[in-house]
Amino acid sequence: MTTTTNTLVRNLIALIAAVLLPIAGSAQFQMPVAQPVQTQLAQRPVAGHDDLVDIVLIMDIAAGWHVYGPDNTGGPIPLTFKAEQISGATLQGGVQLSPSPKRVQDAIFDCEVTYVEVQATATQRLKLTGGDWHVQGFFQYAACNDQTCTAPTPVEVDFSGTLTAPAPAAATASQPATAEPAPAPAEAESRDNDDTEAAAAPDSTATTVADTAQQPAEMTAIDWSQVAGGVELDEASGSSRSLAGIFLLGLLGGLLALLTPCVWPIIPMTVSFFLKRAKDNRKKGIRDAVLYGASIITIYVGLGLLVTLIWGPSSLNALSTNAVFNIFLFLLLVVFAASFLGGFELALPSSWSTRLDSKATSATGLASIFLMALTLVLVSFSCTGPIIGFLLVDMITSGSVVAPTVGMLGFAIALAAPFTLFALFPSWLQSMPRSGGWMNVVKVVLGLVELAFALKFLSVADLAYGWRLLDRETFLCLWIAIFALMGCYLLGWIRLPHDEDEYDEMGNIVVRPRIGVTRFLLALCAFAFTIYMIPGLWGAPCKAVSAFAPPMWTQDFRLGDQSVEATYTDYEEGMEAARRAGKPVMLDFTGYGCVNCRKMEAAVWTDQRVRGIMTNDYVLISLYVDDKTPLPETLTVTEADDSERRLRTVGDRWSYLQRTRFGAQTQPFYVLLDNDGEPLAQPYSYNEDVDMYIRWLRGGLDNYK
């Protein structure tokens, strides 16, 4: 093996290690993070000011971790205080940190940030206005180390007192996530000492689980190892697509990016540059092209890792059902679609690419090649940005922590491969299709696809908040219009601003130019898909779009409906109905934004045998874990670590029930219960095997009988 080849192998191994080692290390993200911040709450009077009281959050921060300050904007999550109920007092200023936080320039967030470490105190001052006062709300912070961040963590606050006698009250050290209110003197005198622990705080809207007989979250956790029958519990299958599927999606995105006007014309120029750069040493030219492709892979995989580090593992899973975040994703994809349709062009500042290009020219060796690859990434952003954004949006909401990294690996390999292959086989350059108007067609088709998928994210928010703006028939009408317009564009019936005029042999503009066979077949597919969706307006399942469209129950008009819908969406109400009917219960933990839930409902529940068993033999209770409907009263529950948490929405309640009683957090998640709430079989997650589902349902019936 020659010295040049040895050097090439060593460089490739180094680059591959730089790419794969962070991916392997990212497995630690899946491990639960021990509480990095222990908290206490205290209520303290301000010396010399009877009308001022400080609400104090004392934080003990684990080594290597830090908590961001309240003045961070545009970067990490700041420490904040929110008063949900306040009477007899007003907030005076914002949250103050002691000691003074460190101020540094953060490379990841590209902005100046402040944070505290080891021990710190956050103070929110209250201005008392007279008489009895009461404040209920929460501090919220995010803790980070060099690898990951926790999700935004609330610390519940509930304090009260009087202006004439403000007495300090320290929180119990063993309750890091909440604090008991300090009772007013009049209230303390009226309490019976034996009933002190059961008494509720005055003016509080929170109700503890002990006082709420109907709250199911206090049930004993089920030991699934003692439950026979059914399908083995598979926590991962409920929420995460396979990493192989995510990799292939990234690969497809990279191939599509190759066909855009920002990338395709660059391939021959770049390869020719490397070959001419080392015309006397072809092996060196090939080596440089290979390292160029490997640098592209490193850059995009680094982007995937960065996304995971910014949001953290717990946040990535929660984002899939967060309504506000889904609205943001909808608007983001609409912007990307408008760019591809010719409305405007997304572009990074030209000074960035100019500066990088000059550095690449002056640098030598591997550094110059890496800088050239980074220049390509910046220059091609106007075309690759919307594709990368679309892929990352889908991967963030997939439920897998390593999905952004794996997806970007697939994207980068597809994008980098031509630069290496054409350098190895230069004669192939002669057979490359010439740049032309066909690349605009690729952009428009991608823009229409992004516009269609943007509606899916708007649908999640619409369902979570109950707006009913985007019911199933409305969603299908929009998709029918989008794909019909795609077919019309592919046939040349519609032209957009960035489409170039075409001329015949006499120099006259061709109004309807001839189209190729490939374009004709794509138009045929678009029209066929459009026709396929039309029966859905009258209730047809349309299984191919069921994962994206709103559920069937949102549609007002249906002919010959074959769907299965839950009569009950409340646990206690459904259990009581099952007891009266003498039937077992099927719990369906689902979500408005759960793609796999819609797939199961369309592919499995519509089967005649499954529908018959579920309708005739079970009482179906669907519990939506992302339902944003506020509870009549806030429920206070105790977590496994003895900390307290407040459940403010219906979705919070069912999510807590699923986690504490059934030991799972993914959707869909199906449980068969008898009338006493005891399991009849192992739970069932996402699996579209109809026969297996039927065996599972019948096994539960056999155990019930």
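**Buried residues, cores and packed helices**

Glu572 has a relative accessibility of 18%, and since buried means under 20%, Glu572 counts as buried. This value, like the others below, comes from a predicted model. Glu572 belongs to helix 15, which covers residues 571-581. The C-alpha atom of Glu572 lies 9.6 Å from that of Ile621, although 49 residues separate the two along the chain.

The chain as a whole can be described next. It contains 19 helices and 18 strands. Of its 705 residues, 49% count as buried. Many contacts join distant parts of the sequence: among those between residues at least 6 apart, 73% connect residues at least 24 apart.

Where do the nonpolar residues gather? The largest nonpolar core holds 70 residues. Those with the most contacts inside this core are Ile267, Tyr292, Ile296, Tyr300, Phe411, Leu415 and Trp479. Helix 12, residues 438-465, supplies the largest share of the core, with ten residues. Another core, of 28 residues, lies apart from the largest one, and it includes Val585, Ile621, Val625 and Leu673. Ile621 is thus a member of this other core, and it is also the residue whose C-alpha atom is 9.6 Å from that of Glu572.

Helix 12 also packs against helix 13, which spans residues 472-490. Two packed helices are described by the angle between their axes and by the distance between those axes. For helix 12 and helix 13 the angle is about 175 degrees, and the axes are 10 Å apart. Angles over 145 degrees count as roughly antiparallel, and the two helices are therefore roughly antiparallel to each other.

Which residues make up the contact between helix 12 and helix 13? From helix 12 come Asn440, Val441, Val444, Val445, Leu448, Val449, Leu451, Ala452, Leu455 and Lys456. From helix 13 come Phe475, Leu478, Trp479, Ile482, Phe483, Leu485, Met486, Tyr489 and Leu490. Sorted by type, the residues of this contact are 17 nonpolar, one polar and one charged. Trp479 appears here on the side of helix 13, and it is also one of the residues with the most contacts inside the largest core.

The loop between helix 12 and helix 13 contains Arg468. Most residues other than glycine have a negative phi, and most peptide bonds are trans. Arg468 has a positive phi of about 60 degrees although it is not a glycine. With a relative accessible area of 37%, Arg468 is partly exposed. Val118 also has a positive phi, near 65 degrees. Val118 sits in the loop between strand 7 (111-116) and strand 8 (119-128). Its relative accessibility is 58%, so Val118 counts as exposed. As for peptide bonds, the one joining Ser98 and Pro99 is cis, with omega about 0 degrees. Pro99 is located in the loop between strand 5 (89-98) and strand 6 (102-106).

Aromatic rings form a further part of the picture, with 20 aromatic pairs in the structure. One of them consists of Trp605 and Tyr670, whose ring centres are 6.0 Å apart and whose planes stand at 50 degrees, a tilted arrangement. Trp605 is in the loop between helix 16 (595-603) and helix 17 (608-617), while Tyr670 is in strand 18 (residues 669-673), so the pair links distant parts of the chain, 65 residues apart. Trp605, at 2% relative accessibility, counts as buried. Tyr670 is buried too, with a relative accessible area of 0%. Elsewhere, ring pairs link Phe453, Phe475, Trp479, Phe483, Phe529, Tyr532 and Phe548 into a cluster.

Trp654 is found in helix 18, residues 650-662. At 2% relative accessibility, this tryptophan counts as buried. The C-alpha atoms of Trp654 and Tyr571 are 8.4 Å apart, with their positions 83 residues apart along the chain.

The path ends at Pro679, in the loop between strand 18 and helix 19 (690-704). Is Pro679 buried or exposed? Its relative accessible area is 18%, so Pro679 is buried. Leaving aside residues up to four places away in sequence, Pro679 touches Ile222, Trp224, Val227, Leu672 and Leu673. The C-alpha atom of Pro679 is separated by 9.5 Å from that of Asn703, 24 residues away along the chain.

Note on methods. Residues are numbered from 1 along each chain as its sequence is written. This is a predicted model: local features need pLDDT of at least 70, side-chain atom pairs count only at pLDDT 80 or more; totals for chains, interfaces and linings use all residues. Side-chain values use heavy atoms; hydrogens and water are left out. A nonpolar core is a set of buried Ala, Val, Leu, Ile, Met, Phe, Trp, Tyr and Cys residues joined through side-chain atoms within 4.5 Å. Buried means under 20% relative accessible area, exposed over 50%, partly exposed in between (1.4 Å probe, protein chains only). Helices (H or I, at least four residues) and strands (E, at least two) are DSSP runs, numbered from the N terminus. Axes are lines fitted to C-alpha atoms, for helices over the stretch in contact, and angles run from 0 to 180 degrees between N-to-C directions. Angles under 35 degrees count as roughly parallel, over 145 as roughly antiparallel, 65 to 115 as roughly perpendicular and the rest as oblique. Contact means heavy atoms within 4.5 Å. Ala, Val, Leu, Ile, Met, Phe, Trp, Tyr, Cys and Pro count as nonpolar, Asp, Glu, Lys and Arg as charged, and the others, Gly among them, as polar. Rings of Phe, Tyr and Trp (its six-membered ring) pair if their centres lie within 6.5 Å; planes under 30 degrees apart count as stacked, over 60 as edge-to-face and the rest as tilted.
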